[in-house]
Amino acid sequence: MNITRILLPVDGSRLSDAAADMAIDMAGTGATVILLTVRRTVPTGLGQPNATELLEYLNQGAEQVMTHYRAKLTNANVDFLELVIGGDVAEVISNVAENEKCDIIVMGSKGKSDLEGLFLGSVTHKVLQTTTKPVLVVK
């Protein structure tokens, strides 16, 4: 399998860090990493200025997550693209993998919400069920 595009969804958890390290190793100097963080969406009925303030807050949180991984990828001299998208986490991951023509998804077995899944995180489980792409689950 010739891997040229790796999707790396991150949330700032310890297992996202482990997945990032694995994606960096896999990328070497020849693959591009698609660095993705998924933020919550802003409810449509929230109204202004609350909707704008919530969006800014959510984007600031996403930026904090991305800063850490941006530094890891830059320090490793890995080519990467950054995406911050709002929506259902598993659906966004599956859609981005397809739309960006990724060869593989590298993700942690559990994210920040470890209690949602007993052995395998609920987001990881849903991605495994919905994507047609190979998924490397890192723990």
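1. T32 counts as buried because its relative accessibility is 13%, where buried means under 20% relative accessible area, exposed over 50% and partly exposed in between (1.4 Å probe, protein chains only). T32 belongs to strand β2. Strands (E, at least two residues) and helices (H or I, at least four) are DSSP runs numbered from the N terminus. Outside its neighbours within four places in sequence, T32 contacts T4, R5, I6, D79, F80 and L81; contact means heavy atoms within 4.5 Å.

2. On provenance: this is a predicted model, in which local features need pLDDT of at least 70 and side-chain atom pairs count only at pLDDT 80 or more, while totals for chains, interfaces and linings use all residues. Residues are numbered from 1 along each chain as its sequence is written, and side-chain values use heavy atoms, with hydrogens and water left out.

3. L81 sits in strand β3, residues 79–86. L81 counts as partly exposed because its relative accessibility is 39%. Setting aside residues up to four places away in sequence, L81 touches R5, T32, V33, I34, L35 and E100. The C-alpha atoms of L81 and K133 are 19 Å apart, with their positions 52 residues apart along the chain.

4. Now the cores. A nonpolar core is a set of buried Ala, Val, Leu, Ile, Met, Phe, Trp, Tyr and Cys residues joined through side-chain atoms within 4.5 Å. The largest has 21 residues, and I6, L8, V10, V33, L35, L73 and V106 have the most contacts inside it. At least two residues of this core come from each of β1 (5–9), α1 (14–27), β2 (32–39), α2 (50–75) and β4 (104–108). The largest share, five residues, is from α1. A second, separate core has 13 residues, including I34, L36, V38 and A97.

5. V10 deserves a look. Beyond its neighbours within four places in sequence, V10 is in contact with S16, L35, L36, T37, V65, M66 and Y69.

6. R39 also lies in strand β2. Which side chain of opposite charge is nearest to R39? E63, at 11 Å; R39 is buried yet has no salt bridge. A salt bridge needs a side-chain nitrogen of Lys or Arg within 4 Å of a carboxyl oxygen of Asp or Glu. For charge, Lys and Arg count as positive, Asp and Glu as negative; His and the chain ends are not counted.

7. The R39 side chain does make a polar contact of 3.0 Å with the side chain of N59. Such a contact is a pair of N or O atoms within 3.5 Å; within protein, one must be able to donate a hydrogen and the other to accept it, and residues adjacent in sequence count only if both atoms are side-chain atoms. Not counting residues up to four places away in sequence, R39 touches L55, L58, N59, V84, I85, G86 and G87.
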